[in-house]
Amino acid sequence: MTQSADIMSLQMISAINNSSLIQPGFSLLNFDGQVFFFGQKGWPKRSCPTGVFLLDLKKNELKLKPAFFSKDSCYLPPLRYPAVCALRGRTDSEKCQYVIHGGKTPNNELSDKIYVMGIVCKPSKKITFKCTEKELVGDVPEARYGHTVNVVHSRGKSVSVIFGGRSYIPLGQRTTEKWNSVVDCMPHVFLVDFEFGCCTSYILPELQDGLSFHVSIARNDTIYILGGHSLENNIRPPNLYRLKIDLPLGSPAVSCTILPGGISVSSALVTQTGDKEFVMVGGYQCDNQKRMFCNTITLEDNNIEIVERETPDWTPDIKHCKIWFGSDMGNGAILLGIPGDNRQLISDANYFYILRCGGAREDEEEAAQTCSQTSTEDPGDSTPFEDSEEFCFSAEANSFDDDDIDTYNEDDEEDESETGYWITCSANCDIDINTWVPFYSTELNKPAMIYCSNGDGHWVHAQCMDLSEGMLIHLSEANVKYFCNEHVDLARGLQTPKKVLPVKKQPMKPLRRKTSMKIATPVKKSFLRRLFE
């Protein structure tokens, strides 16, 4: 059954700079129509260690430009797969902020921290952010990823709700073979009050399984949870839950209702096309099969209706790829990404499309929020048949008109898409794409590399250069030149030698001021006598 007559269009775009950064596992944040890329994958680049970039998309070309933070901002690591949600005020005068919880750090560990990020300065060409880490007390949720966070409003108050996700197995059970093994988080619902900094967990009998990479839509005091993946049972049950949050003067009241009409899906993408209408696209219905259908979701007071709608004209590349990722761009648009040809040397290159599902009307006073999370690890951590990672953001696709913002200086560091990780960096290089395993804790699915400044410069593997992890971190943080083992002696020989004064004849001793004229006069006469003889 098709609900809407709106035709969904698909348009390919090109990433013309920093394309190697655009990979699954990051989020996008919308501040007043401007979208910012957050959470780059892999080793942080020196030019933008926080991994926050302005997403500039116009004329079907996508660019990334580094963002800036105030001096009183805390350090925000480039987290991947965090739960992200807009924290909007009840009035238009209040600035929009974002709540960021959990996610994977560059060291491939999970974060249990929660941040609030907002704009403190917005001149014409340079936007400055401030990030604050929030200290919580009470039932603080454990470190996790693949979960969702939403903000609900009730009786003039607001709280954040955290649910689902995955975490590593307990530290005492982690061995070398199972170091990155993950389990479902307990199906607890966490209420976070930022005003008082307290957190409370709730156990609801309706929620029996820990779910990851589900879709959540929040409106007023209600959250709808759709789909998700249970890692313990390896199933995607057709779940549809309604969480209602009541915030009286006393303790909050949380209730859950199981609704019919759910869909077996994970990693689905949702975009808002109207005040009460949303479109859900993509996802996975099993480990090795993408869900190619689209649905219209309509919210009415305490009811939700989900019906199938017409699908776009998928390209052959999208139909035949095993994984895909993307997220909401706002205004009824979704950014989709698919991996490039696996046979090419640049294995991390992706292709991108914009899927337009229809225009969105003006938001109501309490706008609905959508959150969707993906259900897989990094491609290097798991099989490619599991759900892909995705972005999680809301923005306009054509809202960038400023070309004067400082651009990322690719001359400082050679583009990874040109060098590649799978190179023979030296005569003793033994890095093989078929046998390589992580050597440093900072490595994800590619070996760590460092730039040798000899001549025109070239990339070498840190492992082949016998660098310790501590030294690698030091060199990545310090703005110093590095020379590989083969060029370090040559670099030393090219250094300017110390200046050595030429050998000179001993000059005549100058006369001191206190020397009497009686001593100086004979010297002068003798000199004149030789001169005229």
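**K244 and its partner**

I began with K244, which in this predicted model is partly exposed at 30% relative accessibility. I then looked for a charged partner and found D221: the two form a salt bridge, and their closest N and O atoms are 3.3 Å apart. K244 belongs to strand β20, whereas D221 sits in the loop between β18 (215–219) and β19 (222–226), so this salt bridge ties together parts that are 23 residues apart in sequence.

**Other salt bridges**

I searched the whole structure for such pairs and obtained 6 salt bridges. As a general point, I noted that side chains of opposite charge can pair when their charged atoms come close.

I next examined R155, which forms a salt bridge with D246; 2.7 Å separates the closest N and O atoms. I located R155 in the loop between β12 (148–154) and β13 (157–163) and D246 in strand β20 (residues 240–246), so that the pair links distant parts of the chain, 91 residues apart. Is R155 exposed or buried? I recorded R155 as exposed, because its relative accessible area is 58% and the cut-off for exposed is over 50%. D246 is partly exposed, at 27% relative accessibility.

I also looked up K276, which forms a salt bridge with E300 at 3.5 Å between the closest N and O atoms. K276 lies in the loop between β22 (269–272) and β23 (277–281), and E300 lies in strand β26 (residues 294–300); the pair therefore ties together parts 24 residues apart in sequence. I entered K276 as partly exposed, with a relative accessible area of 30%, and E300 as partly exposed, at 38%.

**D193, a charge without a salt bridge**

I turned to D193, in strand β16 (residues 188–193). D193 is buried yet has no salt bridge. Which side chain of opposite charge is nearest to D193? I found K157, at 6.8 Å; a salt bridge requires the side-chain nitrogen to be within 4 Å of a carboxyl oxygen, so K157 does not qualify. I did find that the side chain of D193 reaches the backbone nitrogen of E195, at 3.0 Å.

**K104 and the sheet around its loop**

I placed K104 in the loop between β8 (97–101) and β9 (114–121). K104 counts as buried, because its relative accessibility is 1% and the cut-off is under 20%. I noted that the C-alpha atoms of K104 and Y145 are 6.8 Å apart, although 41 residues separate the two along the chain.

I then traced the sheet that contains β8 and β9: an open sheet of 5 strands in the order β6-β10-β9-β8-β7, with mixed pairing. Which strands stand at the edges? They are β6 (68–69) and β7 (83–87), each with a single partner strand, so one side of each has no neighbour in the sheet. Between β9 and strand β10 (residues 128–133) I recorded 6 bridges, and the two run antiparallel. Y115 stands opposite E133 in β10.

**C452, an annotated position**

I consulted UniProt, where an unreviewed entry places the feature "binding site" at C452. In the model, I found C452 in strand β32 (residues 449–452). C452 is buried, at 0% relative accessibility. What does C452 contact, leaving aside its neighbours within four places in sequence? I listed G457, H458, Y482, F483, C484 and H487.

Note on methods. Residues are numbered from 1 along each chain as its sequence is written. This is a predicted model: local features need pLDDT of at least 70, side-chain atom pairs count only at pLDDT 80 or more; totals for chains, interfaces and linings use all residues. Side-chain values use heavy atoms; hydrogens and water are left out. Helices (H or I, at least four residues) and strands (E, at least two) are DSSP runs, numbered from the N terminus. Buried means under 20% relative accessible area, exposed over 50%, partly exposed in between (1.4 Å probe, protein chains only). UniProt positions are given in the numbering used here, feature names are shortened, and annotations may be inferred rather than shown by experiment. Contact means heavy atoms within 4.5 Å. Lys and Arg count as positive and Asp and Glu as negative; His and the chain ends are not counted. A polar contact is a pair of N or O atoms within 3.5 Å; within protein, one must be able to donate a hydrogen and the other to accept it, and residues adjacent in sequence count only if both atoms are side-chain atoms. Two strands pair if DSSP finds at least two bridges between them.
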